[in-house]
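Thanks for sharing this one. I have put my comments as numbered points, so that you can follow them with the structure open beside you.

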Amino acid sequence: MTLPSIANPDLEVLFDNKPRWDLPDYRRAGFHNLHTTLRYAYSMRAPGVLPLRKEVDWTIGERPEVARYLAMPHFSAFVVVRDDRILYEAYAPDFGRDRPHPIMSITKTTLNLMLGRAVADGLVNLDERVGTYLPEIGTGYAEATVKAVADMNVANDFTEDYGDPQSTVHQTEPATGFRLPLAGQKEGTTRSFICGITGGDLANRTGEALYKSTNSDVLGWIIERVSGRALRDWLIEIVEAAGLEGCFHITCDREGVPLVCGGACLTARDLARYGLLFARKGEGVDSRRVGDAAFIEETRRNPGLPLGKTREWMRYSRQTNTDGTFLGHGGYGGQYMLANPDTGTVVVYFSVLENASASDPDFSGPLAKMMAEIAAQ
């Protein structure tokens, strides 16, 4: 007797080329439970936890711009940490300090730490062609330099527009368990997809950063190839150095390749602990170190191209955003993490935007500016 199955309702594509968990009506619940929704994932915990103690500065919450962002219907969490002190934290009624939340593209910042170490150890030359390290890569990346890839400065045929159902970014999602393949579509893997990206003249002539999440997965593959170490092991080192209290959840493909472009979920406090690695330029708990201090400093002092609308005051540099002072990154749905090495301060904001594209530059630009002002003081 054959027992038939039905498509997993959370992961089945319903309309607008999106799975149910990512549709606006379901997205908030989807985000708050994404660490147990996606098909494949790793979970990692640190042996030693960085203790955080509260030393509340109520004036932070009294700022009109902070109050505005905390009152928005898509707000989930907000945390300000300096050194080992929580200066302020707030959570939505349906969320809490022990709940994991997708950090989406903030995950890319792990590559700054990994790439910085690989460069410092002489394993990677930023001016070398990607094809030198990955001979099997397709025309979309082979002739690009590692630096261009890290700085989101490559023009190829991959598109990332979450408001466009036909954007090629959606084709990566079956490989990483974010959704089920469409009828007749193969599941694939992260790296088989990357190898299929095509391109001609890869020079970016737009004058702005060309944001492509596949760039991050290319970098991760290079780091794994030149080091002979699995990306999972690199991530374990980061988790242990940050002294995370809860789990670092990260989705992967069927081959076990972590989605370093945007697959991690963390609590707000643990994302702040992670951000402190940038505030301390790679110094972690128990004398553990990750990344490279000189590389982190050069990341913010020698940035790449500016970002687009309402964020032109920020630049994209080596898998981070920077204004020359802070290091940070945003994520799909409205997340942002920002670290200021000059003050030792990290600011974290979680939200779930419920518009069609789950993004809004008019929201994210002012949000990052507000967070930068808090971190600078």
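1. Methionine 104 sits in strand β7. Its phi is near 45 degrees, which is a positive value in a residue other than glycine. Please keep in mind here, and throughout, that this is a predicted model. Is methionine 104 buried or exposed? Its relative accessibility is 6%, and the cut-off for buried is under 20%, so methionine 104 counts as buried.

2. Aspartate 16 makes a good companion case. This residue is not a glycine either, and its phi is positive at about 55 degrees. Aspartate 16 belongs to the loop between β1 (13-15) and β2 (18-19). With a relative accessible area of 45%, aspartate 16 is partly exposed, whereas methionine 104 is buried. I would look at the two residues one after the other.

3. Back to β7 and its surroundings. An open sheet is built from four strands in the order β3-β8-β9-β7, with antiparallel pairing. Which strands lie at the edges? They are β3 (41-44) and β7 (101-104), each of which pairs on one side only. On average, neighbouring strands of this sheet are turned by 30 degrees against each other, direction ignored.

4. The contact between β7 and β9 can be followed residue by residue. Strand β9 (residues 264-266) runs antiparallel to β7, and three bridges join the two. Within this pairing, proline 102 has cysteine 265 of β9 as its bridge partner.

5. Cysteine 265 also leads to a cavity. Together with Leu34, His35, Leu38, Ala41, His249, Ile250, Thr251 and Gly263, Cys265 lines the second largest cavity, which holds about 50 Å³ of space. Which element gives the most to this lining? That is strand β8 (residues 248-251), with three residues. By type, the lining has five nonpolar residues, four polar and no charged.

6. Now the other cavity. Searching the whole structure for cavities of 30 Å³ or more gives two, and the largest has a volume of about 370 Å³. Its lining consists of 24 residues, and those nearest the centre are Tyr162, Val169, Thr172, Leu259 and Cys261. The elements that contribute two or more residues to this lining are α7 (190-195) and α8 (214-227). Of the elements, α7 gives the most, with three residues.

7. The make-up of the two linings is worth setting side by side. Around the largest cavity there are eleven nonpolar, eight polar and five charged residues. Around the second largest cavity, no charged residues are found.

8. Helix α4 (residues 109-120) passes a simple check of its length. At 1.5 Å a residue, its twelve residues should span 16 Å, and its end C-alpha atoms are 17 Å apart, which agrees.

9. How many of the twelve residues of α4 are buried? Nine are, so the helix is largely enclosed by the rest of the structure. The buried residues are Thr109, Thr110, Leu111, Asn112, Leu113, Met114, Leu115, Gly116 and Ala118. An α-helix has 3.6 residues a turn, so residues three or four places apart point the same way.

10. One last backbone detail concerns what comes after the helix. Glycine 122 follows α4, and its phi is positive, near 75 degrees. Unlike glycine 122, methionine 104 has its positive phi in a residue other than glycine, and aspartate 16 is likewise not a glycine.

Note on methods. Residues numbered from 1 in each chain as written. Predicted model: local features only at pLDDT ≥ 70, side-chain atom pairs only at ≥ 80, totals over all residues. Heavy atoms only, no water. 1 Å grid on protein atoms, 1.4 Å probe; cavity = no way out; pocket = protein on both sides within 12 Å on 5 of 7 lines; lining within 4 Å. Points joined across faces, edges and corners; volume = space filled by probe spheres on them. Nonpolar A, V, L, I, M, F, W, Y, C, P; charged D, E, K, R; others polar. Expected span 1.5 Å × (residues − 1). Buried < 20%, exposed > 50% of the residue type's maximum accessible area, 1.4 Å probe, protein only. Pairing = 2+ DSSP bridges. Axes fitted to C-alpha atoms, helices over the stretch in contact; angles between N-to-C directions.
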